[in-house]
Amino acid sequence: MDIASDYGDIYRLLIAVPPGPAPAAGFPVIYLVDGNALFATSVETAQLQGRRQDVTGVDPAVIVGIGYPTDAPFDGARRQCDLLPDEGGADRFLDFIMESVKPAVAALAATDPTRQALVGHSLGGLFALHALFTRPGQFQFYVAGSPSIWWNDRAIHISEARFVARGPEATLPRLLITVGGREQTRDARTSPERAQRLHMARMLDNAAEMAARLASSRCVAMEHRVFDGENHISVIPAMLARAVSFAVAGTGGPEAAP
């Protein structure tokens with residue numbers, strides 16, 4: 001379904017509701033930014049894990065992809081406008097999610113307001129961190145996949161410091177930061193320009209350093225995962241698989257059985 005924001009932009013909502021009746025408290029909900037690119041894999045992952053709740057601990061969940069009216073996986077110009085905190089669009093986009101997207105989803109299915117997750121990758125991961133640091137009560141689970149912490153000379157650290165300075169909330173939000181193990185790797189095929197960008201972005205180091213700081217702050221329930229052998233793009237399915245179990249089962253449920 002397409003939906004217009006108060007500021008006139010059109011968004012495409014991709015929504016998958018589990019079959020059967022909702023639990024008494026309502027379905028948990030996973031909201032994905034860059035929905036065009038992430039929605040299908042997330043739905044398949046949630047359905048596969050949900051088939052063996054005794055093994056995975058994953059309950060049926062509503063999956064919501066927040067995307068754009070295009071057949072392309074990404075809309076580069078619009079996603080930068082919506083996801084970047086320092087451009088001013090991130091707060092407006094968060095308002096749209098809270099004031100328009102969440103009510104639209106609640107009109108389609110019974111949802112549990114205490115089990116809501118925000119998931120993003122790359123610039124979307126940066127957006128998830130911004131949402132946590134500035135509005136920690138709007139979701140209970142935040143997933144920052146390969147977050148672009150480097151953006152604008154790591155300006156997200158300012159929001160992080162303010163978040164930590166406020167002290168722990170009564171109910172700690174849960175944060176998962178993931179990254180691919182090869183996101184800083186250079187080899188003989190790496191061009192000088194690419195090597196310079198990898199050095200600047202410090203994807204693994206930035207993620208590890210932020211995760212360590214937040215864990216020690218005790219302002220979040222922190223989880224940090226590195227997926228060995230994966231690069232910035234190949235890591236997406238692994239990130240989404242972990243995001244589903246993290247957000248819907250909390251601790252991820254039992255270990256998978258054969």
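**Exercise 1. Place A201.**
A201 counts as buried, at 8% relative accessibility. Find the element that holds A201 and the residues in contact with A201 beyond its neighbours within four places in sequence.

*Solution.*
Step 1. This is a predicted model. Residue A201 is found in helix 8, residues 192-201.
Step 2. Set aside neighbours within four places in sequence; A201 is then in contact with W150 and N206.
Step 3. Take T114 as a second point. A201 and T114 lie 87 residues apart in sequence, and their C-alpha atoms are 34 Å apart in space.

**Exercise 2. Judge the confidence.**
Say where in the protein confidence is lowest and where it is highest among the elements named by the model. Then find the stretch where pLDDT stays under 50.

*Solution.*
Step 1. Start with the whole protein. Its mean pLDDT is 92, and 96% of its residues reach 70 or more.
Step 2. Go to the extremes. Helix 2 (residues 53-56) is lowest, with a mean of 83. Strand 6 (residues 141-145) is highest, at 98.
Step 3. Look at residues 250-258. Their pLDDT stays under 50. The model has 17 contacts for them beyond four places in sequence.
Step 4. Read with care. Where pLDDT is low, predicted coordinates should not be read in detail.

**Exercise 3. Check two helices.**
Compare the reach of helix 4 with the expected 28 Å. Do likewise for helix 10, which should span 20 Å.

*Solution.*
Step 1. Helix 4 covers residues 89-108, 20 residues in total. From first C-alpha to last it reaches 27 Å, close to the 28 Å expected at 1.5 Å a residue.
Step 2. Look for a bend. Helix 4 bends by about 35° at I97.
Step 3. I97 is itself buried, and so are other residues of helix 4, including G89, F93, F96 and V101.
Step 4. Turn to helix 10. It has 14 residues, and its end C-alpha atoms are 20 Å apart, which agrees with the expected span.
Step 5. Ask how enclosed helix 10 is. Ten of its 14 residues are buried, so the rest of the structure largely encloses it. Among them are I236, M239, R242 and F246.
Step 6. Name the packing partners. The buried residues of helix 10 pack against strand 3, helix 1, strand 5 (111-121), strand 6, strand 7 (174-180) and strand 8.

**Exercise 4. Explore the cores.**
Which residues of the largest nonpolar core touch the most other members?

*Solution.*
Step 1. The largest nonpolar core has 50 residues. Those touching the most other members are Y31, I66, F93, V101, L118, F127 and L129.
Step 2. Take L118 as an example. Beyond four places in sequence, L118 touches Y31, V33, F127, A128, A131, F139, F141, Y142 and V143.
Step 3. A second, separate core has 23 residues, and it includes I63, L176, M239 and L240.

**Exercise 5. Sort the aromatic pairs.**
How many aromatic pairs does a search of the whole structure find? Classify F133 with F163, then F141 with F246.

*Solution.*
Step 1. The search finds ten aromatic pairs.
Step 2. F133 and F163 form a tilted pair: 5.4 Å centre to centre, with 40° between the planes. F133 is in helix 5 (residues 123-134) and F163 in helix 7 (residues 156-166), 30 residues apart. Both are buried.
Step 3. The ring centres of F141 and F246 are 5.9 Å apart, and their planes stand at 85°, so the pair is edge-to-face. F141 lies in strand 6 and F246 in helix 10, so this pair ties together parts 105 residues apart in sequence.
Step 4. Check burial. F141 is buried at a relative accessible area of 9%. F246 counts as buried at 0%.
Step 5. Add the cluster: Y11, Y68, F93, F96 and F127 form one aromatic cluster.

**Exercise 6. Two positive phi angles.**
D34 and R218 have a positive phi. Is D34 buried or exposed? Is R218 buried or exposed?

*Solution.*
Step 1. Recall the background. Most residues other than glycine have a negative phi.
Step 2. D34 has a phi of about 55° although it is not a glycine. It sits in the loop between strand 3 (27-33) and helix 1 (35-50). At 6% relative accessibility, D34 counts as buried.
Step 3. R218 is not a glycine either, and its phi is about 60°. Its place is in the loop between helix 9 (203-217) and strand 8 (221-227). With a relative accessible area of 63%, R218 is exposed.

Definitions and conventions:
Residues numbered from 1 in each chain as written. Predicted model: local features only at pLDDT ≥ 70, side-chain atom pairs only at ≥ 80, totals over all residues. Heavy atoms only, no water. pLDDT = per-residue confidence, 0-100. Helix = DSSP H or I, 4+ residues; strand = E, 2+ residues; numbered from the N terminus. Contact = heavy atoms within 4.5 Å. Expected span 1.5 Å × (residues − 1). Bend = angle between axes of the 7 residues up to and from the residue. Buried < 20%, exposed > 50% of the residue type's maximum accessible area, 1.4 Å probe, protein only. Core = buried A, V, L, I, M, F, W, Y, C linked by side-chain atoms within 4.5 Å. Phe/Tyr/Trp six-rings, centres within 6.5 Å; stacked < 30°, edge-to-face > 60°.
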